[in-house]
Number of protein chains: 2
Amino acid sequence: MPVAELLPLRDLAACCAPITREVISELDAGRLARTLKAVADPARLRLISMVAAHEDGEACVCDLTEPLELSQPTVSHHLKVLVESGILSRSKRGTWAYYTIVPGSLDSLAGLLATV
Amino acid sequence: MPVAELLPLRDLAACCAPITREVISELDAGRLARTLKAVADPARLRLISMVAAHEDGEACVCDLTEPLELSQPTVSHHLKVLVESGILSRSKRGTWAYYTIVPGSLDSLAGLLATV
DNA sequence: CACAAACATTGACGAGCGTCGATGTTTTGG
DNA sequence: CCAAAACATCGACGCTCGTCAATGTTTGTG
């Protein structure tokens, strides 16, 4: 469920801000809520931040387990949630799994949130 | 926990984007996660949207219960969560309770999310 | 091939969340 | 003062979520 497919693009012809805006659909609300849930967790927020702050913008599980003070299975679980929601991407090189932030994913999610 | 007090203002002197950004603190991650959790729910996202789309940008519980297809106690519960997180504000006039979006709350929350 | 390292997966547990019916509280109207 | 309307609160239920120990899987190494 990549962030880019969360919602259809807003009608670009809407040049004038309408007096009464349109209510978000039940389907879109469910999709957006699912992605927001993926981010609405202290450990996952820190994981995102740590990946972004790490060298070359990528980090493996071993880089994240110790500073997060959580067990390795828990860290892997959180990373999986973030990958499945389209925030992070995973690339395996050798024994290591490197995680990277999907460019623009956080920004588009923030954009969707701001226009609810 | 108003949104405005979620995080201290970023250092405005940071004119140049640092090679390695700073990791969000455990405390800030917890606070931001709590506010995001308040928004990461389909019913609450629709409530926010319905309040914004309603006449004069305010709506009472009776306006929201039927279109949301949820019981009145459930709607009141969701509204309370949104008020306590600083997204909505409540003003009682007579028997009715009118809910309004706190100006800029969603935008600042989105801004915090985008800079994690 | 055997062993170790890095992750992923599984199963289980406790805590928290969304929902509702029932009930309490406050305000208006007669 | 009493009845009705609009909400809020309470208590309870099922479900989801975050966490961990144990185990499985894959890759590199001697």
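These legends go with close-up views of a predicted model, covering two DNA strands and the helix pairs beside them.

**View 1. The protein surface around DNA strand C draws on chains A and B.**
Here 22 residues surround DNA strand C, and the closest of them are Ser76(A), Arg90(A) and Tyr99(A), plus Arg44(B) and His78(B). On the chain A side, α3 (61-68), α4 (72-84) and β3 (96-101) each put at least two residues into this surface, and on the chain B side α4 (72-84) does so too. Sorted by character, the surface residues come out as nine nonpolar, nine polar and four charged. As for what the protein meets on the DNA, 72% of the strand C atoms within 4 Å of it belong to sugar or phosphate, and bases make up the rest.

**View 2. Zooming in on polar contacts with the backbone of DNA strand C, we pick out Cys62(A), Thr95(A) and Asp41(B).**
A polar backbone atom of Cys62(A) sits 3.0 Å from a phosphate oxygen of strand C. Thr95(A) also uses its backbone: one of its N or O atoms there is 3.4 Å from a sugar or linking oxygen of the strand. Asp41(B), on the other hand, comes in with its side chain, placing a polar atom 3.5 Å from a phosphate oxygen of strand C.

**View 3. In chain A, α3(A) packs against α4(A).**
Look for the two helix axes: they run 9 Å apart, at an angle of about 115 degrees. Angles of 65 to 115 degrees count as roughly perpendicular, so that is the label for α3(A) and α4(A). The crossing is right-handed. From α3(A), the contact takes in Val61(A), Leu64(A), Thr65(A) and Leu68(A), which meet Gln72(A), Val75(A), Ser76(A) and Leu79(A) of α4(A). By type, that contact has five nonpolar residues, three polar ones and no charged ones. Keep an eye on Ser76(A), which is part of this helix contact and is also among the closest residues to DNA strand C.

**View 4. Over at DNA strand D, chains A and B again both contribute to the surface.**
There are 22 residues around this strand, and the ones that come nearest are Arg44(A) and His78(A), along with Ser76(B), Arg90(B) and Tyr99(B). This time α4 is the chain A element that supplies at least two residues, while chain B brings α3 (61-68), α4 and β3 (96-101), each with at least two. The residues of this surface split into nine nonpolar, nine polar and four charged. Of the strand D atoms within 4 Å of the protein, 75% are from sugar or phosphate, with the rest from bases.

**View 5. Arg44(A), Arg90(B) and Cys62(B) reach phosphate oxygens of DNA strand D.**
Start with the arginine side chains: an N or O atom of Arg44(A) is 2.6 Å from a phosphate oxygen of strand D, and for Arg90(B) the corresponding distance is 2.5 Å. Cys62(B) works through its backbone, with a polar atom 3.0 Å from a phosphate oxygen of the strand.

**View 6. In chain B, α3(B) packs against α4(B).**
The axes of α3(B) and α4(B) lie 9 Å apart at about 115 degrees, which makes the two helices roughly perpendicular. α3(B) passes α4(B) in a right-handed crossing. Val61(B), Leu64(B), Thr65(B) and Leu68(B) line up on the α3(B) side, facing Gln72(B), Val75(B), Ser76(B) and Leu79(B) from α4(B). Five of the contact residues are nonpolar, three are polar and none is charged.

How values were computed
Residues are numbered from 1 along each chain as its sequence is written. Chains are lettered from A and ligands numbered from 1 in the order in which they are written. This is a predicted model: local features need pLDDT of at least 70, side-chain atom pairs count only at pLDDT 80 or more; totals for chains, interfaces and linings use all residues. Side-chain values use heavy atoms; hydrogens and water are left out. A residue is near a molecule or strand if one of its heavy atoms lies within 4 Å of it. A polar contact is a pair of N or O atoms within 3.5 Å; within protein, one must be able to donate a hydrogen and the other to accept it, and residues adjacent in sequence count only if both atoms are side-chain atoms. Helices (H or I, at least four residues) and strands (E, at least two) are DSSP runs, numbered from the N terminus. Ala, Val, Leu, Ile, Met, Phe, Trp, Tyr, Cys and Pro count as nonpolar, Asp, Glu, Lys and Arg as charged, and the others, Gly among them, as polar. Axes are lines fitted to C-alpha atoms, for helices over the stretch in contact, and angles run from 0 to 180 degrees between N-to-C directions. Angles under 35 degrees count as roughly parallel, over 145 as roughly antiparallel, 65 to 115 as roughly perpendicular and the rest as oblique. A crossing is left-handed if the near helix is turned anticlockwise from the far one by less than a right angle, and right-handed if clockwise. Contact means heavy atoms within 4.5 Å.
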